[in-house]
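Reader: Hey, I've got a structure open and no clue where to start. Can you walk me through it?

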Amino acid sequence: MNQIIMWIMAVGAVLGGVDRIAGNRFGLGKRFEEGFTLLGPTALSMSGIICLTPLLSRFLRFALVPIWNFLGLDAGLLAGILAIDMGGYQLAGELSASQEMVRYAGLVIAATLGCTITFTIPVGMGMLKSGDRLFFSRGMLIGTGTLPVTMIGGGLLSGLFCFLLMFGIWRFPEQTVRAFTVFADVIRLLTTIGLIAGAFCYMTGFSLLPDLAPLEDAMAVVSSIGIVLLGSLPTAELLQRVLKKPLSFIGRKTGMNDSSAAGLLMGIVSPVPAITMMEKMDERGKIVNAAFLVSAASTIAAHMGFTFGTDPDFVVPLLVAKLAGGIAAVCAALFFTKKSAYSKTRK
């Protein structure tokens, strides 16, 4: 199955590259180019924190691992608070001796809960207008509530953390989002420090920090993501066109406009375009899309590319887990929002 997916991505890369040569006549060449233009932002967001992973591991081993061990918990779970492409996977490998836990915490939890905490919530609340933030927060609440579907068999700790996150967004939405924004700023600061130290060490051979992972190793992970993006983005563009009528049909049946239905497909590529489309969505669609992003964000783009580069055998299980959680979140969001009450601003 992994090879089938890789072949599909490879065909997408060929079609996108050929269209680029032909002058982007079908719009696939532009998506092909985006695969490489996203290398810069991707490297900026994740390479520095990967460089710092050994140092973060040492800190956690000293500060929290003894408590975890006392409670009988695997310390690898701590890594799940970071996004999959912001050091979560590498940190899980440093903290846990179990490959199963590395996969679970560093890929499944980091690609859902970690991504939501460190990226989707801060970015979404920063990009959206004040009037849309309420619907976004409600969607985040519902999506977080269905995370156990993604993390099935994941243990008490992740379920407890999801409950605390839901409670915070429900009772104290502004304060909770502000706290995650601060957390994201801390991660951004650490990423920059890691980049500075990694670049200095690469150019001079002198390490500014102890236990620093080589920057070139971090860039190798980034490059593997970019290669898959060359094919996944044109493939996603084709899927959006092929499924335009079915998506429109689904939108009508669920009481959402076309932008809301299309946002679900864009979300599995990246949360950013889905968030930017929310101003064109109806109110119900905003909630449904936000809920979907908690589990399904970046499924067939950055997260799949990262997993191909680090643990190819786990690509299919990760895709199934993320999409199952996303579908469960959509169903829950539709259930908790009445069609008649959220049919405004249809376009």
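Author: Sure, we'll go through the core, the largest pocket, a helix and a handful of single residues. Just keep in mind that this is a predicted model.

Reader: Okay, core first. How many residues does the largest nonpolar core have?

Author: The largest nonpolar core has 94 residues. Phe 136, Met 304 and Phe 306 have the most contacts inside it. The element that gives the most to this core is helix α7, residues 99-127, with 14 residues.

Reader: Is there some general idea behind that?

Author: Yes: in soluble globular proteins, nonpolar side chains tend to be buried together.

Reader: What is Met 304 in contact with, leaving aside its neighbours within four places in sequence?

Author: With those neighbours left out, Met 304 is in contact with Ile 5, Met 9, Val 228, Ser 232, Ser 298, Thr 299, Val 315 and Leu 319.

Reader: Let's pick one off that list. Where is Ser 232, and is it buried or exposed?

Author: Ser 232 sits in helix α12. Ser 232 counts as buried because its relative accessible area is 1%, and the cut-off for buried is under 20%. Not counting residues up to four places away in sequence, Ser 232 touches Met 9, Ile 300, Ala 301 and Met 304.

Reader: And how far apart in space are Ser 232 and Arg 20?

Author: They are 15 Å apart, C-alpha to C-alpha, while 212 residues separate them in sequence.

Reader: Ser 298 was on the Met 304 list too. What's up with its phi?

Author: Ser 298 has a positive phi of about 60 degrees, although it is not a glycine. You'll find Ser 298 in the loop between α16 and α17. With a relative accessible area of 8%, Ser 298 is buried.

Reader: What about Asp 211, where is that one and what is its phi?

Author: Asp 211 is in the loop between α11 and α12. Asp 211 isn't a glycine, but its phi is positive, about 55 degrees. Its relative accessibility is 40%, so Asp 211 counts as partly exposed.

Reader: Back to α12. Which of its residues can we look at besides the serine?

Author: Try Pro 234, which lies in helix α12, and Thr 235, which is found there as well. Pro 234 is buried, with a relative accessible area of 1%. Thr 235 is buried with a relative accessible area of 13%.

Reader: What do those two touch, not counting residues up to four places away in sequence?

Author: Thr 235 touches Ile 8, Met 9 and Gly 12. Pro 234 is in contact with Gly 12, Gly 16, Leu 28, Arg 31, Phe 32 and Leu 229.

Reader: And how far is Pro 234 from Asp 74?

Author: Those two are 40 Å apart in space, C-alpha to C-alpha, and 160 residues apart in sequence.

Reader: New topic: pockets! What's the volume of the largest pocket?

Author: The largest pocket has a volume of about 780 Å³. It is lined by 35 residues, and Pro 41, Thr 42, Ser 45, Asp 85 and Phe 119 lie nearest its centre. Elements that give two or more residues to the lining include α2 (28-37), α3 (39-51), α6 (84-95) and α7.

Reader: Which element gives the most to the lining?

Author: That's α11, with 6 residues.

Reader: And how do the lining residues divide up?

Author: There are 23 nonpolar, 8 polar and 4 charged residues in the lining of the largest pocket.

Reader: Since you brought up α11, where does Glu 174 fit in?

Author: Glu 174 is in helix α11. At 46% relative accessibility, Glu 174 counts as partly exposed. The C-alpha atoms of Glu 174 and Glu 237 are separated by 35 Å.

Reader: Last helix: what span should α18 have, and what are its end C-alpha atoms doing?

Author: Helix α18 covers residues 315-336, and at 1.5 Å a residue its 22 residues should span 32 Å. Its end C-alpha atoms are 32 Å apart, so the two agree. Buried residues in α18 include Val 315, Leu 318, Leu 319 and Lys 322.

Reader: One more: where's Met 277?

Author: Met 277 is in the loop between α15 and α16. Leaving aside neighbours within four places in sequence, Met 277 is in contact with Ser 259, Ala 262, Gly 263 and Met 266.

Conventions. Residues numbered from 1 in each chain as written. Predicted model: local features only at pLDDT ≥ 70, side-chain atom pairs only at ≥ 80, totals over all residues. Heavy atoms only, no water. Core = buried A, V, L, I, M, F, W, Y, C linked by side-chain atoms within 4.5 Å. Buried < 20%, exposed > 50% of the residue type's maximum accessible area, 1.4 Å probe, protein only. Helix = DSSP H or I, 4+ residues; strand = E, 2+ residues; numbered from the N terminus. Contact = heavy atoms within 4.5 Å. 1 Å grid on protein atoms, 1.4 Å probe; cavity = no way out; pocket = protein on both sides within 12 Å on 5 of 7 lines; lining within 4 Å. Points joined across faces, edges and corners; volume = space filled by probe spheres on them. Nonpolar A, V, L, I, M, F, W, Y, C, P; charged D, E, K, R; others polar. Expected span 1.5 Å × (residues − 1).
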